[in-house]
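Trainee: I'm new to this structure. Could we go through it together, with the reasons behind each label?
Mentor: Happily; let's look at it first.
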Amino acid sequence: MATIEECRAALDKLSHNMGGAEGGVRAAAAMDRTVSCHITDLDVTFTGRLTGGRIDVEETFPGPPREKAQIRLAMAGDDLVALVDGELNFAGAWGSGRVKLEANLLDLFRLRKLL
């Protein structure tokens, strides 16, 4: 089971990867939205902003998200690490329910380029 530190490192790596993206992926990452990522097996939530093509994690706290972010993710810690490392396909994980993604329809269309 991934630790809180490993999950935070995975989010930092994802942010770094997004910052170096080009073309349509970079345009999709250029949104300005609030983000939450609930790690279900650890029952911890990371919150922050997707801005400037990067994810800035601002807060980590126990339990589910306290406020409804514009982009909301929920998954197990091992799945977050595997997604960021390219070992887990997002579409398959989302389709099977291992990863939950909630956002408005326009954001979902933009995010599909990232995922």
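Trainee: With which residue does Asp85 form a salt bridge?
Mentor: Its partner is Lys13. Keep in mind as we go that this is a predicted model.

Trainee: What makes that pair a salt bridge?
Mentor: The closest N and O atoms of Asp85 and Lys13 are 2.9 Å apart. The cut-off is a Lys or Arg side-chain nitrogen within 4 Å of a carboxyl oxygen of Asp or Glu, so the pair qualifies. By this rule the structure has 7 salt bridges.

Trainee: Why is the pair of Asp85 and Lys13 said to tie parts together?
Mentor: Asp85 belongs to the loop between α3 and α4, while Lys13 is in helix α1, so the bridge joins parts 72 residues apart in sequence.

Trainee: Are Asp85 and Lys13 buried or exposed?
Mentor: Partly exposed is the label for Asp85, at 39% relative accessible area, and for Lys13, at 37%. Buried would need under 20% and exposed over 50%, so these values fall in between.

Trainee: Which residue forms a salt bridge with Asp107?
Mentor: That is Arg33, and the closest N and O atoms are 2.9 Å apart. Asp107 sits in helix α5 and Arg33 in strand β1, 74 residues apart. Both Asp107 and Arg33 are buried.

Trainee: How do you know that Asp79 and Arg98 form a salt bridge?
Mentor: Their closest N and O atoms are 2.5 Å apart, and the limit is 4 Å, so the label applies. Asp79 is in helix α3 and Arg98 in the loop between α4 and β5, so the bridge ties together parts 19 residues apart in sequence. Asp79 is buried, with a relative accessible area of 9%, whereas Arg98 is partly exposed at 43%.

Trainee: Why is the pair of Phe90 and Trp94 called stacked?
Mentor: A search of the whole structure finds 1 aromatic pair. The ring centres of Phe90 and Trp94 are 6.1 Å apart and the planes meet at 25°. Pairing needs centres within 6.5 Å and stacking needs planes under 30 degrees apart, so both conditions are met.

Trainee: Where do Phe90 and Trp94 lie along the chain?
Mentor: In helix α4, 4 residues apart, which separates Phe90 and Trp94 by about one helical turn. Phe90 is buried at 11% relative accessible area, but Trp94 is partly exposed at 42%.

Trainee: What makes you say that a charge sits over the ring of Phe61?
Mentor: The charged end of Arg66 is 3.9 Å from the centre of that ring and sits over it. The distance limit is 6 Å, so that part of the test is satisfied.

Trainee: Which residues have the most contacts inside the largest nonpolar core?
Mentor: Ile39, Phe46, Leu50, Ile71 and Leu80, in a core of 27 residues. The elements that each supply at least two core residues include α1, β1 and α4. Leaving out residues up to four places away in sequence, Ile39 touches Cys7, Val44, Phe46, Met75, Ala76, Gly77 and Leu80.

Trainee: Why is His38 called buried?
Mentor: Its relative accessible area is 13%, and the label needs under 20%, so His38 fits. His38 is found in strand β1. Neighbours within four places aside, the contacts of His38 include Asp43, Gly63, Pro64 and Leu73.

Definitions and conventions. Residues numbered from 1 in each chain as written. Predicted model: local features only at pLDDT ≥ 70, side-chain atom pairs only at ≥ 80, totals over all residues. Heavy atoms only, no water. Phe/Tyr/Trp six-rings, centres within 6.5 Å; stacked < 30°, edge-to-face > 60°. Buried < 20%, exposed > 50% of the residue type's maximum accessible area, 1.4 Å probe, protein only. Lys NZ or Arg CZ within 6 Å of the ring centre and 35° of its normal. Core = buried A, V, L, I, M, F, W, Y, C linked by side-chain atoms within 4.5 Å. Contact = heavy atoms within 4.5 Å.
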